[in-house]
Amino acid sequence: MQFQQLQYFVAVAETRHFTRAADLVHVAQPSLSQQIKALERELGADLFLRARGNITLTDAGEALLPLARRILADADTARHEVQELAQLRSGRVRLGATPSLCTGLLPDVLRAFHDRYPGVRLLIEEGGSHDLVRELARGALDLALVVLPLPTPSPALTTVELLREDLVVVSSPDASRPGRGRRTVRVSDLEGERLVMFRHGYDLRELTVAACRAEGFEPDFAVEGGEMDAVLGFVRAGLGVAVVPRMVAARSGRGLRVTPLARPGLHRTIALAHRSDVAPPRAARELQRMLLER
């Protein structure tokens, strides 16, 4: 009994027509008929009652049909699983993330992923949540780390909350401590401070500006328009203070003073997003698992 014969048998059983079945499996009708006859000889029983314009299953055919379908389905599953495993030996993962997450969260996780799957290429795209959502929607990314709530909620995306991160104030050790030297500062203490501010479209910019306005004042920018590395460099140089994620501050090394925000403080929620209508590739799903279990 050959696998191909079972495919032909199921095609005839479902179409009840030899010519249409041959078209369905892309083979010449005489070849299909010969293989069906060979299968019947192998099994020692007729599988079809052949009458002009009317093809029906015999009792033997009725008994074989669910078994043949199961065999074909199992073979398809086996093929799929092997291909999925092969993707973990090669292939790629296209991951989008905000710059602050590339600095704070990703290095350790990506190192662990690369150690386990060295053949998988990691393609990282930095951007704000708005840009990353757009790239996900058009299929340019497999996964994206975004800040919730999304700028434009989309039913086409599935998001899973990953972590809730505190924000802190960073300043130069050579400058006076923000908040009149206290160990913690309130958002209201930033009034009168010169802020080093991120570019437009940066999630942290919108969050910080909104928090200042909620306290009744407009933030005063010393420098604005930078990415994360530039902002931290300007703070080290003493140009002003900045509000950044705690993980970024912890990884930023020497040259920065870190001051927590007093309760309730400021926080941001990070989520892992992917398209709802397309399952991520196996390698991307494995990276997703590692991020969720980190």
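A crossing of two helices is left-handed if the near helix is turned anticlockwise from the far one by less than a right angle, and right-handed if clockwise. The exercises below concern a predicted model.

**Exercise 1. Helices α6 and α11**

Determine which orientation class and which handedness apply to the packing of α6 against α11.

Solution.
- Step 1. Helix α6 covers residues 106-116 and helix α11 covers residues 282-293; their axes lie 10 Å apart at an angle of about 130°.
- Step 2. Angles over 145 degrees count as roughly antiparallel, 65 to 115 as roughly perpendicular, and those under 35 as roughly parallel, with the rest oblique.
- Step 3. The angle falls in none of the named ranges, and α6 and α11 are therefore oblique to each other.
- Step 4. In handedness, the crossing in which α6 passes α11 is right-handed.

**Exercise 2. Helices α1 and α2, and the loops that follow them**

Describe how α1 and α2 pack, then state whether Arg16 is buried, partly exposed or exposed and do likewise for His26.

Solution.
- Step 1. The axes of α1 and α2 are 8 Å apart, and the packing angle is about 130°. The two helices α1 and α2 are therefore oblique to each other, and α1 passes α2 in a right-handed crossing.
- Step 2. Arg16 sits in the loop between α1 (3-15) and α2 (18-25). Its phi is near 55°, a positive value in a residue other than glycine.
- Step 3. His26 belongs to the loop between α2 and α3 (29-43). The phi of His26 is near 60°, again positive in a non-glycine residue.
- Step 4. Most residues other than glycine have a negative phi.
- Step 5. Buried means under 20% relative accessible area and exposed means over 50%, with partly exposed in between. Arg16, at 35%, is therefore partly exposed, whereas His26, at 74%, is exposed.

**Exercise 3. The unit built on strand β7**

Identify where confidence is highest in the protein, and establish how β7 is enclosed and paired.

Solution.
- Step 1. The protein has an average pLDDT of 90, and 99% of its residues score at least 70.
- Step 2. Confidence is highest in strand β7 (residues 194-198), with a mean of 95, and lowest in helix α5 (residues 99-104), with a mean of 82.
- Step 3. Of the 5 residues of β7, 4 are buried, so the strand is largely enclosed by the rest of the structure.
- Step 4. Strand β8 (residues 220-226) pairs with β7 in the parallel sense over 5 bridges. Leu195 has Phe221, in β8, as its bridge partner.
- Step 5. Together with helix α8 (residues 203-214), β7 and β8 form a right-handed β-α-β unit.

**Exercise 4. Cis peptide bonds and strand β5**

Locate the prolines Pro149 and Pro264, give the omega of the cis bond preceding each, and characterise Leu145.

Solution.
- Step 1. Most peptide bonds are trans.
- Step 2. Leu148 and Pro149 are joined by a cis peptide bond with omega about -5°. Pro149 lies in the loop between β5 (143-148) and β6 (157-171).
- Step 3. Arg263 and Pro264 are likewise joined by a cis peptide bond, with omega about 5°. The loop holding Pro264 runs between β10 (257-260) and β11 (267-275).
- Step 4. Leu145 is placed in strand β5. With 0% relative accessibility, Leu145 counts as buried.
- Step 5. Along the chain, Leu145 and Thr103 are 42 residues apart, and their C-alpha atoms are separated by 13 Å.

Methods. Residues are numbered from 1 along each chain as its sequence is written. This is a predicted model: local features need pLDDT of at least 70, side-chain atom pairs count only at pLDDT 80 or more; totals for chains, interfaces and linings use all residues. Side-chain values use heavy atoms; hydrogens and water are left out. pLDDT is the predictor's confidence in each residue, from 0 to 100. Buried means under 20% relative accessible area, exposed over 50%, partly exposed in between (1.4 Å probe, protein chains only). Two strands pair if DSSP finds at least two bridges between them. A crossover is right-handed if, with the strands pointing away from the viewer, the path from the first strand over the helix to the second runs clockwise. Axes are lines fitted to C-alpha atoms, for helices over the stretch in contact, and angles run from 0 to 180 degrees between N-to-C directions.
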